[in-house]
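Colleague: I want to learn how to read helix packing and cores from a model. Can you take me through one?

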Amino acid sequence: MIDNAGEILAKRSARPVDAGERSGEILVELRAVWLVLVVLLAAAADGAEAQSIEPGTAPGVPQPREPILSLWEARLVGAATGLALGAALAHRPEAPIPAMRPLRGADAILTGSAVALYLSAGLLDRKRPEAAPASPATAAATRNEINGFDRNIRKVAVGHRSLEKRLLLDHLSSSTLMVGLFQPVGMLIATDVPHKWSRDVPVMAEATALTLSVNAFVKHLTHRSRPVAHFCESEHAVIPCPPDTRVSFYSGHTSSAFAAAVAAGTIADFHHLENRKWIWASGLTFATATGVLRVMSDQHYATDVLTGMAAGGLAGWLIPKLHKPDREVSPLAIAPPSAPGVIAAVPVVLLAGRSAALVTVGSVGGGPYVGIHWKW
């Protein structure tokens, strides 16, 4: 039997969906949601980003107090803001939305590489020897390690800001990071995108996970001191000085924020979302604010932030690029085709009227059409 494309599509769409199959799809979607939320929340930790400052006993040295906005409050406010902003910017255009390519073997390789890099970073951290007490000559040489560019930018961005204000800006950088991480999630929740839980969300989670793994490996490979610890003794900011975690290069907050912003904008371009320009603008704005706040809070140097921008932007562009739709989807490919133009219809009666057939000849979509409609 020869049938047209419209009839085939109609038969496929009319196929009843098994209850077990539907529940399996829902379970997979829920697992995907939990997976991306876990990855995004892990991004907020940023490895060893937090700096603990022990209380001092020396008189006359101001001790930092907890700012009005705590770290967890800042993260929760940022996550809620990101979800609301993403949902507000999500508008489906009139044109059909093409689905991204499914996850394949390349994704398994990238995920395995990310896990290997993250585990390798932990091994490097364990093998790192304890730092010996620095002599005056060694301390002077260490101060000279900082290049002039980082010194000048830090002088302008940090200045004589108090420790309380630096800690507040540190919390605000975590808030802007969460806005950038959760904005794509809110965008996909409010947008009717095909296969969004099985393709789009895992792609963004993969870009973020790869960014964090590479960042953790480089941090423990370079062992660069944070400015808040590097200049503590010379500036007499607090006594005793905070422990030097030596994970300054490069900024994990900034790289994660730019990975999420670029990935969200690239996916919005692939789906031809109506507000994709605003998605790009808002994502890059919060990502840039995150990097600026990392410098102003004295947690990173300018070169740490610039490197994080480049690394995160590259991952946010490359991973979605591997899943770009094969071709542009036209409305004719999604919408049901119009009825064929019938040139001739010949009824055929078989078996003494107990069965009949209608043979039609015509054209559809610019090509010939022959249909046989049986009735038993």
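Modeller: Start with a helix pair, and keep in mind that this model is predicted. H11 passes H13 in a right-handed crossing.

Colleague: How is such a pair described in general?

Modeller: Two packed helices are described by the angle between their axes and the distance between the axes. Here the axes of H11 and H13 (residues 302-321) cross at roughly 30° and come within 7 Å.

Colleague: Which residues make the contact of H11 with H13?

Modeller: On H11 they include Phe258, Val262, Thr266 and Phe270. H13 brings, among them, Gly308, Gly312, Gly316 and Trp317. By class, the contact residues are ten nonpolar, seven polar and one charged.

Colleague: Now the largest nonpolar core. Which of its residues touch the most other members?

Modeller: Met187, Leu188, Leu273 and Ile279, out of 22 residues. Helices H7 (163-190), H8 (196-222) and H11 (252-270) each supply at least two residues. H8 gives the largest share, with six residues.

Colleague: What does Ile279 touch, leaving out residues up to four places away in sequence?

Modeller: Leu89, Gln183, Met187, Ala264, Gly265, Ala268 and Leu273. There is also a second, separate core of ten residues, and Leu177, Phe182, Ala261 and Ala287 are among them.

Colleague: One polar case, then. Is His171 buried or exposed?

Modeller: His171 lies in helix H7. His171 counts as buried because its relative accessibility is 6%, and the cut-off for buried is under 20%. Beyond four places in sequence, His171 touches Glu66, Pro67, Leu69, Ser70, Leu71 and Ala74.

How values were computed
Residues numbered from 1 in each chain as written. Predicted model: local features only at pLDDT ≥ 70, side-chain atom pairs only at ≥ 80, totals over all residues. Heavy atoms only, no water. Core = buried A, V, L, I, M, F, W, Y, C linked by side-chain atoms within 4.5 Å. Buried < 20%, exposed > 50% of the residue type's maximum accessible area, 1.4 Å probe, protein only. Helix = DSSP H or I, 4+ residues; strand = E, 2+ residues; numbered from the N terminus. Contact = heavy atoms within 4.5 Å. Axes fitted to C-alpha atoms, helices over the stretch in contact; angles between N-to-C directions. Left-handed = near helix turned anticlockwise from the far one by under 90°. Nonpolar A, V, L, I, M, F, W, Y, C, P; charged D, E, K, R; others polar.
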